[in-house]
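Here is a short briefing to read alongside the model. Take a look at the structure first, then follow the points below.

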Amino acid sequence: MSVSSHYESVDLALFAMQLLQSEGHETVAAHVAGCPFCLEELAYLQGDLAMFAHTVEVHPSPAAVRERVLRRVAREKKVLPVEPVEPARPMIEPTPGGEPSEEPLLTFTTRGRHHAAAQSKHQLETSDPQRPAPGSSLRKLFLWLGWITAAGFAVAAVRLHQERDRYSAGISLQAAEIERLKEDAAGSKQVLETITNPEARHIQLSAVSTESLQTAPQGRAIYVPSKGALIFLANGLDRLQPDKTYELWLIPADGRDPIPAGTFYPDAQGNASVILPSLPRAIEAKAFGVTIEDGKGSQSPTLPIILAGS
Amino acid sequence: MTTRETALQQASHQEVRDDTTLLTLVRRGDEAAMASLYDRYAAIVYSVALRVLHHPASASDIVEELFMELWHDTDRPFASRNSLGAWLALAARNKSIDALRRRGSRTTIDRVSLAPPYDLSNETERTALAERMRIAVTALPPVHRKILGMAFFDGLTHSEIAEITNDTASAIKLAIYQSLASLRRESHE
C-alpha cells in the first residue's frame, strides 16, 4: 500500500468496501480526510460500487416494511429548527421639513387619556397635551381599523393554515389507503397467478417425526421457480415458546445451501401460512422443509426438521 | 408562506420529483415526500441487503433502519448532489456486511460524496443503467466476476479471497481493480 503521496485506486476501493483491517482502515480514513485527490478518487470509486450494487436482481420490498417505516415516520415527527425573527424596526415619520424626526411619533390612548409616547420638541411646545390635535380622532380611528384588519387577517391566516394541514393530512391518509389497496390487489393477483400457474409445483409436506407432537402436522407448498413465487399452508402445528419461530426452507436442486423462505407462527388452531416470501428467481427446488428457530429466524436450518416434502 | 415554500409544496404534489426536492421536503418533515423516496428506492435497498444476507427478515430490518436514518438525518453528502440512490445502495450493502460480521458501522460513505455518472432518481435511467451494468458484469472474465462478487456482496477481504481461490493477495487486488475499471468505462460510455 503506497502511503508516500496518494493511495492506489485499488486500496481506496478496498477501503470503500470496508475490507481493510481496522488499523489500515483508520489510516486510510485519516489520509483521505485531508487529501482532495484521494477524496475525489474515492467518490468515483464509491459511484462505481454503487453502480455494481444496482446489478442485483431486484425484489420488491415487503409491503409490511413500508407500512412499518411510514408508521414510524408519522410517529417520530421531526423537530424543525425555529428560524430567527428580525426585531421590529421603529416607525419614524418624516418631519414637515422632509427629514425624519429623531424620536418616534407613535401615540396610544389609555382610559380616555391621550398620551404622547414621544413627540418632537416642536410639537410639545405648540400643542395642549390634554386636547387632541385636529384630525387626531380620525387618525385614531384609522389606526384602530388597521389593527382590527390585521388581527382579522391573522385569524383568517391561522384558520387557513389549520384547514390546509387538515386537508393535507386527509390527502396523505387517502393516498396511503389507495396505495395499500393497490398493494393488496397486486398481492391477491399474484397469489391467484401462482395458484393457477401451469408451471406451479405442488409439494406435500409431512411430519418427519410425530413423537413429540400432539397431532401430525402437515403442509402444502405451491412453488413457481421462474417467478420465485411460493405459497405455503400448514396445519396441525404445535404452539411454540414466545422466543421460538417456525421457519420454512427451500432446498435448491443444485446442491446449494437451503434458502430461508420466511418465518411464521401458527394460530390457536395450529394453522399457519407463508404467502409470497421474497425468494430469488429461477431456483429449482429439490425439497422444502420446516424447522424451529430462535427469535426472528436463522440463516441456516437447525435440526430437527419438523416438516419435509420433495 | 414564502414563494420558495409554495413552490416546494406544489412540487410535493407533482408525480415526478427529483431527489433534491424530495430531500428538502423531508428535511421539513414532509411525510408524503418520505413515502415517495421510500417507493423510489426501497426495492434496490432491500434487494442489495437480501443479496448480502440471504435472509428476508434481516434485509427488511436493514431497509427500515436505513430509511429511518434518512428521515432523521438528511444533512449528508448526498443532499448536495443527485446521488441519493447511489448512497442508499452502497449504505445498504455496508450495513448488511456489518450485520453479517456483527460489527459496528465504519461509516465510510457518510464522510465522502459519491460521484455516480447517472441520475438514479430517474427510474427509466436507473433501469437502463442496471441492465447495462449487468451486461458489463457478464462480460467480465468469470474469475474476476466471482472475485468482485465475493468482495462486494460477501464482504471477504482480498486475503480471504486469496485463500479460497488459492491465489495471491496481489492478484486478487489486481482483479478487483481491473473489474471496477472495466465497469467505470462502461458506465461513462
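In chain A, strands β5(A) and β8(A) run antiparallel to each other and are joined over four bridges. Please keep in mind that this is a predicted model. The points below start from that strand pair, move out to the sheet around it, and then turn to the contact between the chains, the cores and chain B.

**The sheet of chain A**

- Within the β5(A)–β8(A) pair, A234(A) sits opposite A272(A) of β8(A).
- Side chains alternate along β8(A): A272(A) and V274(A) face one way and are buried, whereas S273(A) and I275(A) face the other way and are not.
- Both strands belong to an open sheet of eight strands with antiparallel pairing, in the order β7-β6-β9-β10-β3-β4-β5-β8 (chain A).
- Why do β7 and β8 (272-275) of chain A each have one side without a neighbour in the sheet? They stand at the edges, and each has a single partner strand, so one side stays free of a sheet neighbour.
- From one strand to the next, the twist averages 20°.
- Strand β3 (residues 201-207) of chain A pairs with strand β10 (residues 305-309) of chain A in the antiparallel sense, over two bridges.
- S206(A) has A308(A) as its bridge partner in β10(A).
- Helix α6(A) packs on the sheet, where it touches β4 (218-224), β5 (229-235) and β8 of chain A. The direction of α6(A) makes about 85° with that of β5(A).

**Where the chains meet**

- The contact between the chains involves 54 residues of chain A and 56 residues of chain B.
- On the chain A side, at least two residues each come from α1 (9-16), α3 (36-53), α4 (63-75), α6 (136-196) and β7 (259-264).
- Which element supplies the largest share of that side? It is α3(A), with 13 residues.
- By residue type, the chain A side divides into 31 nonpolar, 15 polar and eight charged residues.

**Nonpolar cores**

- The largest nonpolar core has 77 residues, and those with the most contacts inside it are V45(B), A49(B), V63(B), L88(B) and A89(B).
- Helix α3(B) gives this core its largest share, 15 residues.
- A89(B) touches residues of both chains: A50(A), A53(A) and H54(A), along with I44(B), V45(B) and V48(B), leaving aside residues up to four places away in sequence.
- A second, separate core of 23 residues includes Y223(A), F288(A), V290(A) and L307(A).

**Chain B and L53(B)**

- Chain B has nine helices and zero strands.
- Of its 189 residues, 44% are buried.
- Among contacts in chain B with a separation of 6 or more, 61% join residues 24 or more positions apart.
- L53(B) lies in helix α3 (residues 31-53) of chain B. Is L53(B) buried or exposed? L53(B) counts as buried because it has 22 C-beta neighbours inside 10 Å.
- Not counting residues up to four places away in sequence, L53(B) touches S58(B), A59(B), S96(B), A99(B) and L100(B).
- L53(B) and I97(B) are 44 residues apart in sequence, yet their C-alpha atoms are 7.8 Å apart in space.

**Confidence**

- The average pLDDT of chain A is 78, and 78% of its residues score at least 70.
- Over residues 85-129 of chain A the pLDDT is below 50, and this stretch has 31 contacts in the model beyond near neighbours in sequence.
- Where pLDDT is low, predicted coordinates should not be read in detail.

Notes: Residues are numbered from 1 along each chain as its sequence is written. Chains are lettered from A and ligands numbered from 1 in the order in which they are written. This is a predicted model: local features need pLDDT of at least 70, side-chain atom pairs count only at pLDDT 80 or more; totals for chains, interfaces and linings use all residues. A residue is buried if 20 or more other C-beta atoms lie within 10 Å of its own, exposed if 12 or fewer, and partly exposed in between; C-beta atoms are placed from the backbone. Two residues are in contact if their C-beta atoms, placed from the backbone, lie within 7 Å. Ala, Val, Leu, Ile, Met, Phe, Trp, Tyr, Cys and Pro count as nonpolar, Asp, Glu, Lys and Arg as charged, and the others, Gly among them, as polar. Two strands pair if DSSP finds at least two bridges between them. Axes are lines fitted to C-alpha atoms, for helices over the stretch in contact, and angles run from 0 to 180 degrees between N-to-C directions. pLDDT is the predictor's confidence in each residue, from 0 to 100. A nonpolar core is a set of buried Ala, Val, Leu, Ile, Met, Phe, Trp, Tyr and Cys residues joined through C-beta atoms within 7 Å.
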